[in-house]
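User: I've got a model open and I'd like to learn how to read it. Can we go through it feature by feature?

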Amino acid sequence: MCGLFASIGFVPEERRIDVVAHRGPDGRGWGVVESAAGPVALGHRRLAIFDLSEAGLQPMADASGRYTIVFNGEIYNFIELRAELTAAGDRFATQTDTEVLLAMYRRFGASMLPRLRGMFAFVIWDRKRQELFAARDPFGIKPLYMVETSKGVALASEIKQLLGLESTTPRLNTARAMDFLGSGILDHTEETLFEGITQLRGGEWLAVSTEAGRPQCTRGRFHDLNQVAASPGLSFDEAADEFAARLSESVRLHLRSDIRVGSCLSGGLDSSSIVGLASEPGSIETISAVYDGEAVDESRYIDAVVARTGAISHKVSPSSDDVAEKFDRITWHQDEPFGSTSIVAQYAVFAEARRAGLTVMLDGQGADEPLGGYADAWPHHHARLMRNGRIGELHASLRARSGQGASPLRAAAGAMSLLLPDWLPLPRRGAKTFSWLNPGAAGHGGRRALDQMAADRLGLMKPNDLSAHCRLLTYATNLPMLLHWEDRNSMAHSIEARVPFLDMPLAQFALGLPHEHRIGAGEQKRVLRRAMRDLVPQSVLDRRDKIGFATPEAGWLRGPLRELVHQGVEDCIERFPGLFIPARLRLARDAALAGQRPFGFEFWRVASLGRWGRVFNVAG
């Protein structure tokens, strides 16, 4: 896990790699060569995980000197790939996955990409062809941002490294800001909140040629987002056994490291499964966020997992003071605003991991999206029952949801909305309209409209059933945003966060599961619950609530953080007045802070956008 920078045509500036020194405190490298399109710069900050010697420093060149790489991430199957390459005649000077990645590219070119099991963003300079080649892992676990101007092309691990290049003064991307304010999503397109700065999407590659005397970019995709490892004919128990085997293998690969490995533990099913598979008594340390006496506290589930596995437990209790004190710092690390104070809790977990001496952390991210683990999976389930005339099962499911605190009428209405033709001018599921958003500003069209836009841009199947909906969450509207937050929070503390649920053989299997293996009989993620029945405490398997890295947010924002929200809204109105109808926004904010209406995440988003604008001096 590291930080990288690469550019063609721009004046080389070594400081652009030092901006992300937090991503790689164990080594630093910088090199510049000439090309027909101007200087080519490659920079790297190293976080040493494999082969801790100086042999692993980057930029790293192959023996011939033709290829040079800067790489951020891990290739978990590099041992198997190295064995294959060695049998074919290759020789290796280090024990790093970086050298294996470089050898794979030298031998197979871009066709090697689907064979990599891991998380990666890398740039390779081909001296003979005078070409830069870059790629990002299929799920976008590792970031790779880009600026392309008439003068040159630059790539970087974080947006802040690109600010100040030609035509990249910080300016607001109004359309994406409206998406964030109205629907709470980011990273659902290649665009960022900074006008002119884009990103490679997960599963994309980029080739930058210099033959014409100026950089010319070609982009492509190496991962088919609709490709799934379908499991026709597998019974539920057979699918659970296969899921358990694939997850176990993934955890085994993700434990590969030359330094200590720990795990985040929220007390939910996903992180508990990872800890259960990774643990021998006393073999792994866990970090958890707890809140004594609060409704969001998960201590009893955490303690049950620790007792079951023999893990060494560390706990941290984030407070409202942490939010106020670290708001600017976390905003700077995130590069963009964030949707709730849960990001502060996650930041605190990784800070505690650093204090405990851990550098690699496993995490349960990436299970909910392919397995239908969120509440928005239920309308798809109920709509399916309606379509198939299974009224008895529908009634039983609505009754079960009522017992879990959901409104049966609202649940039925959500399902019926999915059965209506798209051309009907009716309110759609998930769409929310805020009267204080300026309708003249670009972008905001409701969550369903954004879902469809993301599906169209990525070539995904339409989100009209559970399988397509899960692919949309995985590749477009949900997981990319969560991975963004986790990468920045972990790397802020020089920690590598690994996500075993996103190993490709496992994730594709999960995305190809039949509907009934994911949800039914009042249960979500059914196949995971069955797969983990011998490893996870029954109290965790029986959970039907979802908390994650939640905080006592409503109480904080109406109490000790009230002024932060109040002033944050004012700052945002002042900096970006064209986004709002100010009088309406102030009325809605004041009513929420006074307890006269439910407190929604939308007011935090406004405050966060305003603080982001101030931290990066963004012009509207």
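User: Let's begin with burial. What percentage of the 620 residues in the protein is buried?

Analyst: Burial asks how much of a residue is covered, and the cut-off is under 20% relative accessible area. This is a predicted model, and in it buried residues account for 62% of the 620.

User: And what about the surface that is left? How much does the protein expose?

Analyst: About 22,600 Å² is exposed, with carbon and sulfur atoms supplying 51% of that area.

User: How many helices and strands does the protein have?

Analyst: There are 24 helices and 19 strands. To judge the overall packing, hold the radius of gyration against a rule for chain length: here the radius is 24 Å, close to the 25 Å that the globule rule gives for 620 residues, so the protein is as compact as a globular protein of that length. Along its principal axes, the C-alpha trace spans about 70 × 55 × 50 Å.

User: How should I read the contacts? What share joins residues at least 24 apart?

Analyst: Take the contacts between residues at least 6 apart in sequence; 71% of them join residues at least 24 apart.

User: Now a single helix. Is H11 mostly covered or mostly uncovered?

Analyst: Helix H11, residues 378-387, is mostly covered, with 7 of its 10 residues buried. Among the buried ones are Trp378, His380, His381, His382 and Leu385. After H11 comes glycine 389, which has a positive phi near 65°.

User: How many disulfides does the structure hold?

Analyst: The general idea: a disulfide is a covalent bond between the sulfur atoms of two cysteines. This structure holds 0 of them. Cysteine 2 is in no disulfide, and its nearest cysteine sulfur, on cysteine 264, is 19 Å away. For a pair to count, the sulfurs must be within 2.5 Å. Cysteine 2 is buried at 5% relative accessible area, and cysteine 264 is buried at 1%.

User: One loop residue to finish. Where does proline 215 lie?

Analyst: Proline 215 sits in the loop between strand E11 (204-209) and strand E12 (216-221). Being in a loop doesn't settle burial, so check the area: proline 215 has a relative accessible area of 11%, which means it is buried. Next, look at its partners. Setting aside neighbours within four places in sequence, proline 215 is in contact with Ile8, Ala37, Lys151, Gly152, Val153, Val208 and Ser209. By contrast, the C-alpha atoms of proline 215 and glutamate 352, 137 residues apart along the chain, are separated by 44 Å.

Conventions. Residues numbered from 1 in each chain as written. Predicted model: local features only at pLDDT ≥ 70, side-chain atom pairs only at ≥ 80, totals over all residues. Heavy atoms only, no water. Helix = DSSP H or I, 4+ residues; strand = E, 2+ residues; numbered from the N terminus. Rg over C-alpha atoms; globule rule 2.2 N^0.38 Å. Buried < 20%, exposed > 50% of the residue type's maximum accessible area, 1.4 Å probe, protein only. Contact = heavy atoms within 4.5 Å. Areas by Shrake-Rupley, 256 points an atom, 1.4 Å probe, with all protein chains shown as cover.
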